[in-house]
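Here is my note on the side-chain packing. Please read it alongside the model.

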Amino acid sequence: MWRNRDLIEITDFTRRDIERLFKQADIFLEAKLAPLKILEGKIMAVAFFEPSTRTRLSFEAAMHRLGGSVIGFSSSRGTSMEKGESPEDTIRMLDTYSDVIVVRHPGEGVMEEFARLAEHPVINAGEGQARHPTQALVDLYTILKEKGRIEGLEYGVMGDVRHARTVKDFIKGLSIFGIREITIISPGKLAPDESFVKSMEWRGISLKHYEKIEDVINSLDVLYLVRLQVERFSSLREAEELRGSYALTLKTLESAKKDLKILHPLPRTGELPSEVDNTPYAAYFKQVFYSIPVRMAILSMILTDIERAQEGLI
Ligand code: NCD
């Protein structure tokens with residue numbers, strides 16, 4: 001059940017929870033995302049301590065489509081944090097003004113503390129290089145819509161797997177659906193670190209590492225690409241050395257399965273050339289679109305009894 005829960009860690013949710021969420025997203029999708037009054041009178045606060053375009057705006061669009069309203073900020077500039085206010089006090093304050101708080105923050109492990117301070121549910125909209133559960137839900141839903149199923153497919157994840165939070169939660173999300181093996185394609189320096197590999201093994205999922213996409217492209221059903229996370233490196237020089245160290249090309253795609261789907265959480269910064277946009281492989285703009293029904297489902301199921309009603313419990 002989603003009602004009144006924080007959404008911080010994707011593995012707190014069962015496959016059944018996620019399937020019910022997707023059922024609700026389907027209902028919004030079938031209604032062509034028509035404006036509703038489900039969240040009339042409710043206020044969503046957005047507290048974005050890190051840059052965002054898609055995540056913040058799609059949460060806001062979802063809230064508006066459900067009849068609710070939005071307050072908040074998209075950078076610390078212009079807020080009391082410039083006067084030295086702590087993020088904890090900021091969250092406490094937003095909690096008194098709103099019914100749900102959507103937070104993005106560079107610090108890892110801060111979300112649980114925010115949730116402890118806030119009476120209302122906290123939704124993790126991106127946490128350092130660690131977690132991004134709502135993006136993973138969008139990614140899984142996109143696969144379901146574009147491939148018809150999540151299980152029984154060959155997955156490849158390409159790029160800066162070491163630093164990208166989207167990839168980590170995507171892999172955890174796949175493990176919830178029983179995927180047992182994922183191919184990672186990245187330069188050695190961008191491969192997942194040992195502790196992540198170990199924790200995934202513990203979840204029953206093994207990560208096979210390849211340096212070159214050409215060696216595996218023909219076996220994949222889904223390829224998830226992610227940009228170099230320049231802002232996560234300790235020095236810009238180190239990041240610069242890896243810039244351009246991986247990219248997909250139309251030539252590489254010549255050996256792909258016909259029904260391969262390419263996902264990317266965006267933004268892209270050179271690893272995914274725009275020529276790919278016009279191929280049948282490109283699913284990343286659909287992924288952007290599916291973020292609306294998924295985030296509508298998240299907000300409505302956390303803030304109302306809609307899930308209990310769907311299940312015939314009330
Ligand atoms: C991602 C993020 O913020 O982690 N963007 C997103 O939420 N769609 C991906 C990225 O920044 O590379």
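1. Eight aromatic pairs occur in the structure; rings of Phe, Tyr and Trp (its six-membered ring) pair if their centres lie within 6.5 Å, with planes under 30 degrees apart stacked, over 60 edge-to-face and the rest tilted. F289 and Y290 make a tilted pair, 5.7 Å centre to centre with 55° between the planes. F22, Y141, F289 and Y290 belong to one aromatic cluster.

2. This is a predicted model: local features need pLDDT of at least 70, side-chain atom pairs count only at pLDDT 80 or more, and totals for chains, interfaces and linings use all residues. Residues are numbered from 1 along each chain as its sequence is written, and side-chain values use heavy atoms, with hydrogens and water left out.

3. Y290 is buried at 9% relative accessible area. F289 is partly exposed at 42%. (Buried is under 20%, exposed over 50%, partly exposed in between; 1.4 Å probe, protein chains only.)

4. The largest nonpolar core (buried Ala, Val, Leu, Ile, Met, Phe, Trp, Tyr and Cys residues joined through side-chain atoms within 4.5 Å) has 64 residues. Helix α10 (residues 284-303) gives the largest share, 10 residues; helices are DSSP runs of H or I, at least four residues, numbered from the N terminus. Domain 1 (10-130 + 291-311) and domain 2 (133-287) both contribute, so this core lies between them. The domain bounds come from an automatic or database assignment.

5. A second, separate core has 25 residues, including Y246, A256, L260 and Y284.

How values were computed
Helices (H or I, at least four residues) and strands (E, at least two) are DSSP runs, numbered from the N terminus.
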